[in-house]
Each structure stands twice: as structure tokens, then as C-alpha cells.
Amino acid sequence: MNRTLIVCGGQFHNISKSALQEYDFIIACDKGYEYCEKLHIIPDLFIGDCDSLKKNLPDNIKKIILPHLKDDTDTMYAIKEALKTSCTSITLCCALGNRVDHTIANIQSLNFIAEHECSAKMFSEDEELFCIKNNSIKIPMKTGFSLSVFSLTEKSEGVYEKGTLYELENAVLTNTFPLGISNEWKDDIAEIGVKNGTLLIITSRIKD
């Protein structure tokens, strides 16, 4: 099993040592290297065009320096590198906040990961995002969080939600109507699945 963590350059958040130990390979994307230093971890690989990195990289870090003019974002390039290793899951952290355009780009990147039949996740202190295609996922109850489901494809068919306050069975979700917003857990574990389509599943901290 190869579980890859990509540390991006969005809003920083702390990650526990035990959580970091879940990953087999860590990639720092540009400013994400500074975040790795804050987390006291040495990435296995640096990828970036160094446009947001404010310090020099040490010589002993394996690196891929990208040109400023390119089609792929640094994060997308890192995802493609991770997929070359036949990894089973790719998780993005420090990838939310700061800029809406970058957040949307990273959500699309989760979609790209799911398209390649790899487990796709992104998280911050207040949110967890999962992307599944023609698949299902089980999410344990998180007290103080809501649970939302969106279709990233024009139409997602055969959608079901079990163990939630508002359950679905063989439903159709579209990317033009937010039917799946702000659900809750009814059981200890919620199971969400889709027969044909791609879903974005988000747990969000409920704030007063």
C-alpha cells in the first residue's frame, strides 16, 4: 500500500505526528515545504516552480523544479507524479483557504485522482473532502460536523446515503442543484455511494 500526502501552499494547519505516520510518501508543493518544516517533517520529494517559496531548498532534498509557464498547477504535477507509483490513496493538506480559485482547482484535482481509481481526500482543521467515482465510502460520525454530498458530474445516478438523518436510495444528484447540503449522522457510520457518477463529500465543522 502506498499512501501519499501532498502538502500544498494554502492555509496552514497543524497535523499530529500520529496522523502523519499514516502516509508512506510525502510531497511538498512549493510553499508546502515551509509548512513541512513547521510540522517537523522532511518530505520525500519537493515539486514546484518556487514562486511562493520564500527560502532556499537544502541540497539533500530530492526536487523537481518546474517552469513558471505551464499548464499543470504544482499540485496537479505532484498528483501525476504520485499516480506513477501506483499509489492507493492521495491526500492533500494545507490546500484550502486563502484563494477561492486555488480551492476550486484543488477540488478539481480530487476529481482527477478519483478518475484514476485512486482514493482522493483533502482536509483542513474544519473540513474533510472526499471524492468517489462509481464507488462508495463509509464515514464515521464526527460530532459537531455536518455532512454534505455534491455531484461533480452533470448527473450522478444511483446515489444512496445510509446512516444519515436524511437518507437517499437510488437518487439522482446533479451539479446544478445542491440537494445534498448539510445532512447529519443518524448512526455511528454513514455510508454514501454512487452507481454512475462522481461525488464530492464534505464534512464541515458547525460554527456558532
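Reader: Is K70 buried, exposed or partly exposed?
Author: This is a predicted model. The relative accessible area of K70 is 28%. Buried means under 20% and exposed means over 50%. K70 falls in between, so the term is partly exposed.

Reader: Which residue meets D49 in a salt bridge, and what does the pair tie together?
Author: The N to O distance is 2.7 Å, and the partner of D49 is K70. D49 lies in the loop between β3 and β4, and K70 in the loop between β4 and α3. The pair therefore ties together parts that are 21 residues apart in sequence.

Reader: Is D49 buried or exposed?
Author: The relative accessibility of D49 is 8%. The cut-off for buried is under 20%. D49 therefore counts as buried.

Reader: Where does E81 find a salt-bridge partner?
Author: E81 is in α3 and is buried, at 18% relative accessibility. Its side chain meets a lysine at 2.8 Å, N to O. That partner is exposed, with a relative accessible area of 62%. The partner is K84.

Reader: Which residues join into one network of salt bridges?
Author: K70 meets D49. K70 also meets D74, at 3.3 Å, N to O. Salt bridges that share partners join D49, K70 and D74.

Reader: How many residues of α3 are buried?
Author: Helix α3 runs over residues 74-83 and is mostly covered. What covers its buried residues includes β1, β5 and α4. The buried count is eight of ten.

Reader: What span should α4 have, and what is the distance between its end C-alpha atoms?
Author: α4 has 16 residues, at 1.5 Å a residue, so the expected span is 22 Å. The end C-alpha distance agrees with this, at 23 Å.

Note on methods. Residues numbered from 1 in each chain as written. Predicted model: local features only at pLDDT ≥ 70, side-chain atom pairs only at ≥ 80, totals over all residues. Heavy atoms only, no water. Buried < 20%, exposed > 50% of the residue type's maximum accessible area, 1.4 Å probe, protein only. Helix = DSSP H or I, 4+ residues; strand = E, 2+ residues; numbered from the N terminus. Contact = heavy atoms within 4.5 Å. Expected span 1.5 Å × (residues − 1). Salt bridge = Lys/Arg side-chain N within 4 Å of Asp/Glu carboxyl O.
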